[in-house]
Amino acid sequence: MSQTPPHRALYRRWRAQTFGEIVGQEATVTALRNAVRAGRVAHALLFVGPRGTGKTSMARIVAKALNCPNLSDGEPCDICPACVAIREGTALDVAEMDAASNNRVDDMRELLPRISTAPSDLTRKVFIIDEVQRIKEGWDVLLKTLEEPPDHVAFIFCTTDASQIRPAVLSRVQRFDFRKLAVGAIAGKLRRILAEAEREADDDAIDLIARLAAGGMRDAESMLDQLLGGGPERLTAERVRELLGLADGESVSRFVEALATGDARTGMTLLDELEDRGRDLRSFLDQLLDALRASLMARLSGRAATGSVDTARLVAVGRRLAGIDPARMGPGGLRFQLELALLEPAADVVSSAPAVAATQPTQAEAAPVGVARGRRTPVAPAEVPEAAAEEPAPAPPKVPEAVPEAVPAAVPEPVAVPTTSSLAPGLAELHGHWAAIVADLSQHPAVKPLIVACRPIAVEERVITLGFPEHQSFLKEALERRRAAVEAGISTRLGRPVSVRFVATNVDLLPPMPEDEESARLLAEARRIFADDLVDVGEVS
């Protein structure tokens, strides 16, 4: 009885096997093919780029090119025993490792005997190590070997984040950057896959999949594989949205309009409908951002429809959506954050009403001199002597008219700023400890320039939000990598475990920090010691 062969994923069946099959990386392909043709391939290569852009496929192709006896203009033949063994994963001299799970010193030490021994079947040994940014102490074992490896060994490293790799390692390798694939390049390969599978699809459906892939070919092929397995019907854009849990374009446009016009009721009704249909709100948030970006670009290019929402409101909507954290798992989650974004314009109107009322003069203040609280005080006329009334007074000599003195303009009273006493209890407590927290965390050299720049914004249960100035948002990503140290320092001062999230916001609108003697002394001392040390936030290894 014959058995049906197991299904292989599309991205595995359609993995590139030669330089000519690599899509969207023309500059890297040309450089590596020329190096193979001239026999000048470096002993260590580093491929950097987003996921699904062809880094591992390129590494295997380079391994073929280093061992193929039938090279043709720098291209491996892909039919010789060496190429077939590498393609099938049976070549003993080509080792692939995942540094995400093999990054310890002992894991790297186990490679040394394999590096020093000669190849058994192929011309050169090739070590392909993926996710190398996860290796930390393990580099100490490989540094010397990486600098002067045996002639029969080649290393190919792949990573999505080269900033986490030591400079000592980067100086020993040749770096090649892989860029995200264009929508057209992804759509072209998807059409070739559909043609071979003899399946039909609308152009809108193919373009939608290519856009959702966000520059990664593997993501696009995985989505297409899922859609093809859903049935033999023709692929349409509506079917793609249904199977992938996406909202329709009309719902996205209506929600953006509700955000811009402050129509919270319509927006909440849309959220109810989307959840009833099982739509993923994270994907919906991505769709909102894409639609908002497209609307802004249409206005910049003069292609916006007449009567549409103005640019200023769209920018305000963009700022609100940018402050949403899709990974938040607290009460309400992403749904509650979207509802708050809908209600924010109404909250702004309510909060500004007392300020407007405070600027209106009261009746007592607006009354002229002599009028107070609705009662007019009579002014007695000046008494005139009788003699002066009977005889006209001599005409006074003419005096040049004096220039009237300039009346100084009224100086507006300063607007009251909310004080610490008006804050929520949790935030007020954090403000009281903030100077001491800054002093504690500043003992860490990598944290000190970052913690001085941020400000506490909110305290929700056990989640603390810290904000950075918008023009220094790059500091937020730097402190994200030290989240554990920040959480430990704050937890120690508050006496309870807390978690921390970081945002970029307008810190000038925040209430002032406390000015008690001890807090002011600690904060002034921290700023005196560390001053403006915010220019270079370097890695500490």
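Helices here are DSSP runs of H or I with at least four residues, numbered from the N terminus. This is a predicted model, and three spots in it are worth a look.

**Helix H23**

Start at the end of H23: just after this helix, Gly495 takes a positive phi of about 80°. H23 itself covers residues 483-494, and its 12 residues, at 1.5 Å each, should span 16 Å; the end C-alpha atoms are indeed 16 Å apart, so expectation and model agree. Its buried residues are Val486, Glu487, Gly489, Ile490, Ser491 and Leu494. Among the elements covering them are helices H20 (425-441) and H22 (474-480), along with strands E9 (463-469) and E10 (499-505).

**The second largest pocket**

This pocket holds about 670 Å³ of space. Its lining counts 21 residues, with Arg211, Leu212, Asp286, Gln287 and Asp290 lying nearest the centre. Helices H10 (203-212), H11 (217-228), H12 (237-244), H13 (249-261) and H15 (281-300) each give two or more residues to that lining. H15 gives the most, with 5 residues. Here's how the lining splits by class:

| Class | Lining residues |
|---|---|
| Nonpolar | 10 residues |
| Polar | 4 residues |
| Charged | 7 residues |

**Ala118**

Now for a loop residue: Ala118 sits between helix H6 (111-116) and strand E3 (125-130). Is Ala118 buried or exposed? It counts as exposed, because its relative accessibility is 58% and the cut-off for exposed is over 50%. Setting aside neighbours within four places in sequence, Ala118 is in contact with Lys125 and His152. His152 is 34 residues away from Ala118 along the chain, with 7.0 Å between their C-alpha atoms.

Note on methods
Residues numbered from 1 in each chain as written. Predicted model: local features only at pLDDT ≥ 70, side-chain atom pairs only at ≥ 80, totals over all residues. Heavy atoms only, no water. 1 Å grid on protein atoms, 1.4 Å probe; cavity = no way out; pocket = protein on both sides within 12 Å on 5 of 7 lines; lining within 4 Å. Points joined across faces, edges and corners; volume = space filled by probe spheres on them. Nonpolar A, V, L, I, M, F, W, Y, C, P; charged D, E, K, R; others polar. Expected span 1.5 Å × (residues − 1). Buried < 20%, exposed > 50% of the residue type's maximum accessible area, 1.4 Å probe, protein only. Contact = heavy atoms within 4.5 Å.
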